[in-house]
Amino acid sequence: MKIGIKTINVVSIAVVVVVMIMLGMRQKPYIGEWTKQLTLVNAIINSLTAFFLLLGLYFIKQKNISAHKMSMSAGFGLGGLFLIFYVLYHISNEETKFGGEGLIRYFYFFILITHVLASFVVLPLVLRAYYYGWIREDEKHRKVVKYAYPIWLYVSITGVIAYLMIRPYYPF
């Protein structure tokens with residue numbers, strides 16, 4: 001079990017470091033025009049993740065552990081896919097500036113900042129929750145999920161909201 005938690009800690013830190021390095025890159029390598037579509041793909045992934053999280057909650061409330069595991073595994077897999085596409089998009093495309101003014105600007109930045117901060121916090125929690133669920137340490141799983149689930153759902157939903165708000169300002 002200790003090997004699992006140590007791996008989770010290393011992966012969590014490594015992901016944050018890679019994302020920080022990637023966002024700080026001044027020179028963006030050209031990967032292809034197709035990467036511009038990844039913002040829409042990631043919004044769809046976030047929407048599907050939120051759907052599977054809600055479905056997983058429904059199934060566990062029904063005590064349907066098998067369907068719960070499938071739903072949460074789908075959400076977990078989508079999260080991994082999101083991370084890959086997020087990195088591909090941001091290493092190959094310039095940052096888009098939000099052009100809204102007034103109260104909408106404050107709302108956008110509130111959503112964006114809380115989304116980003118929560119995404120860093122949620123990663124080790126989700127990894128732990130999934131790990132404990134996988135090895136059937138149900139008590140530890142429930143304790144972590146108390147925090148991981150609402151944060152993960154928030155990150156998924158606010159990711160879609162941020163995308164919808166900045167979409168008009170993409171140069172493509």
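How are α2 and α3 oriented to each other, roughly parallel or roughly antiparallel? Keep that in mind while we get our bearings; the answer comes at the second stop.

**Stop 1: the whole chain**

Show everything as cartoon and colour by confidence. This is a predicted model, with an average pLDDT of 93 and 98% of the residues at 70 or above. You should count five helices and zero strands, so to speak an α-α-α-α-α run when read from the N terminus. The radius of gyration is 17 Å, close to the 16 Å that the globule rule gives for 172 residues, so the protein is as compact as a globular protein of that length. If you want to set up a box, the C-alpha trace spans about 45 × 35 × 25 Å along its principal axes.

Now select residues 2-24, which is helix α1: confidence is lowest here, with a mean of 83. Then jump to residues 38-61, helix α2, where confidence is highest, at 98.

**Stop 2: α2 against α3**

Keep α2 selected and add helix α3, residues 65-92. The axes of these two, α2 and α3, come within 8 Å and cross at roughly 160°. There's the answer to the opening question: α2 and α3 are roughly antiparallel, because angles over 145 degrees count that way. Their crossing is left-handed. Colour the contact between α2 and α3 by residue class and you get 20 nonpolar, nine polar and no charged residues.

**Stop 3: α3 against α5**

Hide α2, hold on to α3, and bring up helix α5, residues 138-166. Here the axes of α3 and α5 come within 14 Å and cross at roughly 50°, which makes α3 oblique to α5. This crossing of α3 and α5 is left-handed. Switch on sticks for the contact: from α3, pick His-68, Met-72, Gly-75 and Phe-76, and from α5, pick His-141, Tyr-149 and Trp-152. By class, that set holds four nonpolar, three polar and no charged residues.

**Stop 4: α4 against α5**

Leave α5 on screen and swap α3 for helix α4, residues 103-134. What angle do α4 and α5 pack at? It's about 145°, with the axes 6 Å apart. Look at the handedness as well: α4 passes α5 in a left-handed crossing. The contact of α4 with α5 has 24 nonpolar and seven polar residues, plus two charged ones.

**Last look**

Bring all five helices back, and recolour by confidence to pick out α1 and α2 again, the lowest and highest in the protein.

How values were computed: Residues numbered from 1 in each chain as written. Predicted model: local features only at pLDDT ≥ 70, side-chain atom pairs only at ≥ 80, totals over all residues. Heavy atoms only, no water. Axes fitted to C-alpha atoms, helices over the stretch in contact; angles between N-to-C directions. Helix = DSSP H or I, 4+ residues; strand = E, 2+ residues; numbered from the N terminus. Parallel < 35°, antiparallel > 145°, perpendicular 65-115°, else oblique. Left-handed = near helix turned anticlockwise from the far one by under 90°. Contact = heavy atoms within 4.5 Å. Nonpolar A, V, L, I, M, F, W, Y, C, P; charged D, E, K, R; others polar. pLDDT = per-residue confidence, 0-100. Rg over C-alpha atoms; globule rule 2.2 N^0.38 Å.
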